[in-house]
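Reader: Could you take me through the side-chain packing in this one, with the cut-offs spelled out as we go?

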Amino acid sequence: MTRDVVTMARGWIGTPYHHQASRKLAGADCLGLIRGIWRELYGAEPEEAPPYTPDWGEIGGDEVLMRGALRHLIPGGAEALGDVLLFRMRQGAIAKHLGILARTGPGASFIHAYERHGVIESPLSGPWRARIAARFRFPDTN
């Protein structure tokens with residue numbers, strides 16, 4: 001299934017960035033990308049995402065994405081293709097960005113929806129690796 005997740009995520013590349021959206025090739029943010037892959041895997045989403053402002057992760061200490069991931073995804077162990085990566089954009093801040101691990105090893109990369117760029121595949125460089133707060137896996141579809 002891990003390769004399926006990567007293939008699905010790559011199908012979103014080129015989707016414009018749009019806050020709170022989750023429609024392939026129409027618009028998505030980082031959560032919307034994960035929601036869209038979930039729908040491709042399972043049909044319906046497990047819960048409706050509450051409304052959130054563009055700056056929601058800049059204030060307060062509520063680990064809302066971490067709690068949501070723990071409700072629906074499986075905490076990951078060793079790095080594996082298709083992992084859902086949860087990032088802290090600043091040290092001490094809440095985790096507020098998501099992506100899909102697309103390549104491992106020296107050329108590691110991840111797919112994510114990034115403001116002003118849309119859904120792209122980026123190198124999982126040292127600075128990005130340092131921001132990983134947690135990794136998760138989608139549950140088996142069996």
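Author: What follows covers aromatic pairs, then the nonpolar cores, then a strand. This is a predicted model, in which local features need pLDDT of at least 70 and side-chain atom pairs count only at pLDDT 80 or more, while totals for chains, interfaces and linings use all residues. Residues are numbered from 1 along each chain as its sequence is written, and side-chain values use heavy atoms, with hydrogens and water left out.

Reader: How many aromatic pairs does a search of the whole structure find?

Author: The search finds 6, where rings of Phe, Tyr and Trp (its six-membered ring) pair if their centres lie within 6.5 Å, and planes under 30 degrees apart count as stacked, over 60 as edge-to-face and the rest as tilted. One of them joins Trp 38 and Tyr 42, a tilted pair at 4.3 Å centre to centre with 55 degrees between the planes.

Reader: And where do Trp 38 and Tyr 42 sit in the helix?

Author: Both belong to helix α2 (residues 30–42), and being 4 residues apart they are separated by about one helical turn; helices (H or I, at least four residues) and strands (E, at least two) are DSSP runs, numbered from the N terminus. Trp 38 is buried at 12% relative accessible area, whereas Tyr 42 is partly exposed at 27%; buried means under 20%, exposed over 50%, and partly exposed in between, with a 1.4 Å probe and protein chains only.

Reader: What about Trp 38 and Phe 138?

Author: Trp 38 and Phe 138 form a tilted pair too, at 6.2 Å centre to centre and 50 degrees between the planes. Trp 38 lies in helix α2 and Phe 138 in the segment after β8 (132–137), so this pair ties together parts that are 100 residues apart in sequence.

Reader: Switching to the cores, which element gives the most to the largest one?

Author: The largest nonpolar core (buried Ala, Val, Leu, Ile, Met, Phe, Trp, Tyr and Cys residues joined through side-chain atoms within 4.5 Å) has 29 residues, and those with the most contacts inside it include Ile 37, Ile 100 and Phe 138. Helix α2 gives the most, with 6 residues. Another core, of 8 residues, lies apart from it, with Phe 87 and Leu 124 among them.

Reader: Is β6 enclosed or exposed?

Author: Strand β6 is largely enclosed by the rest of the structure, because 5 of its 6 residues are buried. It pairs with β7 (residues 118–123) in the antiparallel sense over 6 bridges, given that two strands pair if DSSP finds at least two bridges between them.
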